[in-house]
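Biologist: I would like a close look at one part of this model. Please pick a single strand pairing and work outward from there.

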Amino acid sequence: MADLATPELMTVKETAEYLRIPLPTVYYLVQRGQLPAVQIGGRWRIKRSLLDRDVLRKEDEAGQPTVMVVDDDPALQALFKQFLKKAGFGRLVVGTGAEAIAMAKKQKFDFVFLDLKLPDVPGDEVYSQLKALYPDLPIVVITGYPDSEILSRILGHGPVTVIKKPIEYDQLNLAVKQLGHKGAEAAV
């Protein structure tokens, strides 16, 4: 669903697509009063502007760091989800550069894990666009190609933290701690 076509009052299904979370989770959050929803004709409607203002931005104020992971490998996505949940981070995992840029325009993240080889946009282009939006955003580059030209272009912007694939839990913990956050103490 394109952002331009997103209505002000969204259905539960549209909200699930907008937030990229499962439909039952939206129902659960609405029923607990954690999403700005009203009942119209027996059906829930969620106001997009309030959602953007109060929910997507609230994570910054709540003290829970928010992390975006940009990688198209399902196994690596699962590792990140498990690690970040255990570390107590709000997390968003996306598989393409276009999704990453779109989400960064909606929400500010505390830091980003960025794969260099994405199916749609080169990692250095995603890096540049994220830095244009948020110059101080810490971005940890993850790559199986540490001598790549893409990484060389990123390093031209200045120092960057790089984690070489295959990624291990301890590497993630160390990177998170270097960024000044508490890691996940219990290993998997």
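Modeller: Start with M68. Its bridge partner in β6 is V112. The model is predicted, so read every value as computed from a prediction. M68 and V112 sit where β4, residues 66–70, meets β6, residues 111–115. Four bridges join these two strands, and they run parallel.

Now widen the view to the sheet. It is open and has five strands, in the order β5-β4-β6-β7-β8. The pairing is parallel. At the edges are β5 (90–94) and β8 (161–164), each of which pairs on one side only. From one strand to the next, the twist averages 20 degrees.

Which residues surround V112, once neighbours within four places in sequence are set aside? Its contacts are M68, V70, L130, L137, P138, I139 and V140. M68 is thus a contact as well as a bridge partner of V112. The list also leads to β7, which spans 139–143: I139 and V140 are among the contacts of V112.

V112 also belongs to the largest nonpolar core, a set of 25 residues. M68, V70, V112, L114, V126 and L130 have the most contacts inside that core. Two or more residues each come from β4, β5, α6 (97–106), β6, α7 (123–133), β7 and α8 (149–155). The largest share is that of α6, with four residues. Apart from this core lies another, of 20 residues, including L79, V93, L172 and A175.

Two helices that lie across the strands come next. Helix α5, residues 74–87, lies across β4, β5, β6 and β7. Its direction is about 175 degrees from that of β5. Helix α9, residues 169–178, lies across β6 and β8. Relative to β8, α9 runs at about 175 degrees.

From V112, step through V140 to the edge strand β8. V140 stands opposite T161 in β8. β7 and β8 are paired in the parallel sense over four bridges. With α8, these strands make a right-handed β-α-β unit.

Follow the chain past β8. The loop between β8 and α9 holds P166. The peptide bond from K165 to P166 is cis, with omega near 0 degrees. For context, most peptide bonds are trans.

K165 has a further role in this picture. It forms a salt bridge with D71, and the closest N and O atoms are 3.2 Å apart. The pair links distant parts of the chain, 94 residues apart: K165 is in the loop between β8 and α9, and D71 is in the loop between β4 and α5. Why does D71 count as buried? It does so because its relative accessibility is 0%, where buried means under 20%. K165 counts as partly exposed, because its relative accessibility is 24%.

A second pair involves α8, the helix of the β-α-β unit. The side chains of R153 and D124 meet in a salt bridge at 2.4 Å, N to O. R153 is in helix α8 and D124 in helix α7, 29 residues apart. R153 is partly exposed, with a relative accessible area of 37%. D124 is buried, at 12%. Returning to K165, salt bridges with shared partners join D71, D115 and K165 into one network. D115 brings the network back to β6, residues 111–115.

The structure holds five salt bridges. One of them pairs the side chains of R48 and E8, at 3.8 Å, N to O. R48 is in helix α3, residues 48–56, and E8 is in the segment before β1 (9–10), with their positions 40 residues apart in the chain. R48 is partly exposed, with a relative accessible area of 23%. E8 is partly exposed at 31%.

Last, the whole chain. It comes to nine helices and eight strands. Of its 188 residues, 42% are buried. Among contacts with a separation of 6 or more, residues 24 or more positions apart account for 61%.

How values were computed. Residues numbered from 1 in each chain as written. Predicted model: local features only at pLDDT ≥ 70, side-chain atom pairs only at ≥ 80, totals over all residues. Heavy atoms only, no water. Pairing = 2+ DSSP bridges. Axes fitted to C-alpha atoms, helices over the stretch in contact; angles between N-to-C directions. Contact = heavy atoms within 4.5 Å. Core = buried A, V, L, I, M, F, W, Y, C linked by side-chain atoms within 4.5 Å. Buried < 20%, exposed > 50% of the residue type's maximum accessible area, 1.4 Å probe, protein only. Salt bridge = Lys/Arg side-chain N within 4 Å of Asp/Glu carboxyl O. Right-handed = clockwise from strand over helix to strand, strands pointing away.
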